[in-house]
Amino acid sequence: MSFIATVVLILVIGDLAWWWRAHRMLRRAQPFQAALALFSIAQLCGLALILASRSQGVVLDALLSPPLLAVVYIWHLLVLIPTLIIWLGADAVRGVSALVRRLTQRGTPPTSGMSRREFLGSVAALTPAALSIGGASVAIPQISQFRVRPIELPLAALPPALDGLTIAHVTDTHVGRFTQGKVLDAIVRATNELNADLVLMTGDLINYALSDLPVALDLVLQFRSRHGTYMCEGNHDLIENADTFVRETRAAGIPLLIGESQLLDIRGARLQLLGLPWGAPEAGPSRAEQHGDAAIAFSTRRLLAQRRDDAFPILLAHHPHAFDFAEKIPLTLSGHTHGGQLMFSEHTGFGPWLFRYWSGLSTKAGRALVVSNGVGNWFPLRTNAPAEIIHLTLRTARS
């Protein structure tokens, strides 16, 4: 059984287990049992629509409104499994307590109404659903909000002619489920108001569905800058069909750099953009070898063979770990992390748990990495990781 199939099976079993258990916990609060059943059926149907969309190439989850989709995502990816784990732990504690009472011959007298324990059980049964709905109510306003984050970056290797070069770093738009409609117009407007020299995009243009690609390409074609828009690919771009994504993007006239470079003459200086591909099948047979650090290192080494000594290089890499393998590149731009998506504080949360670099500026041996939180969303809820467009200004470092 594949990893994805295993995860799906766990989620479905978890849904059913939670429903059965919560129904029993609400036996003294019967008016809530119907609401519980409706919530559980909606979760199973929502999960089925999402999975069918991924496997059949038909965007069936468009039948659900963004708020309903948000509840399904938050429930299955944040709430369900921790709830079941907590309940199992509570069962173990109660089992030990009951055994101790039996051995010491201390019983609990029966009650005719709802006991304190039954009341607490009812609250415990309803709280997870309430958390999912509450989380969605917070998430939905967020998906149309983003900031413009200015960063001024001195670089010793920057030619004096490029001092003051400005870049609008737009990444992880995830056009689709949660990034659609008016927020796309806002992204175009905010980007164009920066009047940047370059618009550079570092992957995940679409969430996954190629049916969203025409809208996403129209978004990119509306960006305005003095020297053009350039992009590399991200993992979400390739989910349905990588060849179709590449073909249609290039047919639209958008420079998509996949293991390729682009030379630009700006203010009399030469600048080289290098676009890193996502994954490297040649790096090994396993998925870990093809998409992990080994693959990133493999692809980076191969791409840097195109490095021109007479040009200032900028690496566009969806995954920020490319920074560790780009020793001769003074500037790397990345996305992918969503700033950690769910952060408890600036340095605690999914960002540092999953990535060596997850948001903002990092420097090493005279080189710099800028990781954007991304302006779109595949998962609706963010905490301490606001969506953003980065407005980057390059400066020649003064000694």
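Trainee: Where does the charged end of Arg367 sit?

Mentor: In this predicted model, the charged end of Arg367 lies over the ring of Phe323, 4.5 Å from the ring's centre.

Trainee: Let's turn to rings that meet other rings. How many aromatic pairs does a search of the whole structure find?

Mentor: The search gives 10 aromatic pairs. To sort a pair, look at the angle between the ring planes: over 60 degrees counts as edge-to-face. Phe39 and Trp75 have ring centres 5.2 Å apart and planes at 90°, so this pair is edge-to-face.

Trainee: Which parts of the chain does that pair link?

Mentor: Distant ones: Phe39 belongs to helix α2 (residues 31-56) and Trp75 to helix α3 (residues 66-103), with the two 36 residues apart. Phe39 and Trp75 are both buried.

Trainee: What about Phe344 and Trp353: how are their planes set?

Mentor: Their planes are at 55° and their centres 5.9 Å apart, so that pair is tilted. Here Phe344 and Trp353 are both exposed.

Trainee: Which residues do ring pairs link into a cluster?

Mentor: Tyr73, Phe178, Trp378 and Phe379 are joined into a cluster by ring pairs.

Trainee: And the cysteines: how many disulfides does the structure hold?

Mentor: The general idea first: a disulfide is a covalent bond joining the sulfur atoms of two cysteines. This structure holds 0 disulfides.

Trainee: Is Cys232 buried or exposed?

Mentor: Buried means under 20% relative accessible area. Cys232 has 0%, so it counts as buried. Cys45, at 44% relative accessibility, counts as partly exposed.

Key
Residues are numbered from 1 along each chain as its sequence is written. This is a predicted model: local features need pLDDT of at least 70, side-chain atom pairs count only at pLDDT 80 or more; totals for chains, interfaces and linings use all residues. Side-chain values use heavy atoms; hydrogens and water are left out. Rings of Phe, Tyr and Trp (its six-membered ring) pair if their centres lie within 6.5 Å; planes under 30 degrees apart count as stacked, over 60 as edge-to-face and the rest as tilted. Helices (H or I, at least four residues) and strands (E, at least two) are DSSP runs, numbered from the N terminus. Buried means under 20% relative accessible area, exposed over 50%, partly exposed in between (1.4 Å probe, protein chains only). A charge sits over a ring if NZ of Lys or CZ of Arg is within 6 Å of the ring centre and within 35 degrees of the ring normal. A disulfide is a pair of cysteine sulfur atoms within 2.5 Å.
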